[in-house]
Amino acid sequence: MEQLTIDTGLREYAVNGGPEHGGGVLRFNPSDPNVYSRFCTLQNQLQELEQQVQAQSPTGTDAIQLLAQADQRAKGLLTEVFGPGNDFDAMLGGTNLLAVAGNGERVITNLFAALQPILEAGARQCADAKATLAVQQAGGWRKSISDSFGLPRYSGYSASVERCQRAGIHPLAGGPGPIL
């Protein structure tokens, strides 16, 4: 079987030193507008989750169980944003996202602080690509490809029809005849 490899812009980030040091690897395309949109939505979802936890204000074992459930839900939401191949439990060494880190912030806050600049840079890259695409669309994607390879005009169905018309050949019949 032949292989077809598509560059999807996937990047890898070693989290907390990568698997060799007890962390993991986060893989996603930072310039994917879908990821950015899901990330922005995630912030609201996690804020709602935290409010739900605070509203219940359990104590003792109930509190630990509630925080564990909230952690599972938050990590599930993160996986929805960044893709199923990203295991946030492994990446963060099993640490609960609602735990307080050494700097006094919640782990989830530190995670967002680390991801936000990457995603914002990706969003800027996407916006730049959109502007470039608008310029390229003036000539169409076929023209853009043709220009990239230094081809005259572009190839494809429309170009074939034009060549047939010039030669007086019906493009579908493969021989002379009127072009409908």
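Accessible areas are obtained here by the Shrake-Rupley method with a 1.4 Å probe, and for residues only the protein chains shown count as cover. On that basis the chain exposes about 12,000 Å², of which carbon and sulfur atoms supply 54%. The structure is a predicted model, in which local features need pLDDT of at least 70 and side-chain atom pairs count only at pLDDT 80 or more, while totals for chains, interfaces and linings use all residues. Residues are numbered from 1 along each chain as its sequence is written, and side-chain values use heavy atoms, with hydrogens and water left out.

The chain contains 6 helices and 4 strands; helices (H or I, at least four residues) and strands (E, at least two) are DSSP runs numbered from the N terminus. Their order along the sequence is β-β-α-α-α-α-α-α-β-β. Of the 180 residues, 27% count as buried, that is, under 20% relative accessible area, with exposed meaning over 50% and partly exposed the range in between (1.4 Å probe, protein chains only). A contact requires heavy atoms within 4.5 Å. Among contacts between residues at least 6 apart in sequence, 45% join residues at least 24 apart.

The loop between strand 1 (11-15) and strand 2 (24-28) includes N16. Phi of N16 is near 50°, a positive value in a residue other than glycine. N16 counts as exposed because its relative accessibility is 54%.

Beyond the strands, helix 1 (residues 33-56) packs against helix 2 (residues 60-82) at an angle of about 170°, with the axes 9 Å apart. Axes are lines fitted to C-alpha atoms, for helices over the stretch in contact, and angles run from 0 to 180 degrees between N-to-C directions. The two helices are therefore roughly antiparallel, a label for angles over 145 degrees. Residues of helix 1 including F39, L42, L46 and L49 meet a set in helix 2 that includes L67, A70, L77 and F82. The residues of this contact divide into 14 nonpolar, 2 polar and 3 charged; Ala, Val, Leu, Ile, Met, Phe, Trp, Tyr, Cys and Pro count as nonpolar, Asp, Glu, Lys and Arg as charged, and the others, Gly among them, as polar.

Aromatic pairs, of which the structure holds 5, are rings of Phe, Tyr and Trp (its six-membered ring) with centres within 6.5 Å; planes under 30 degrees apart count as stacked, over 60 as edge-to-face and the rest as tilted. The rings of F28 and F82 have centres 4.8 Å apart and planes at 65°, so this pair is edge-to-face. It links distant parts of the chain, F28 in strand 2 and F82 in helix 2, 54 residues apart. F28 is buried at 2% relative accessibility, and F82 is buried at 5%. Y13, F28, F39, F82, F88 and F112 form one aromatic cluster.

Notes:
Parallel < 35°, antiparallel > 145°, perpendicular 65-115°, else oblique.
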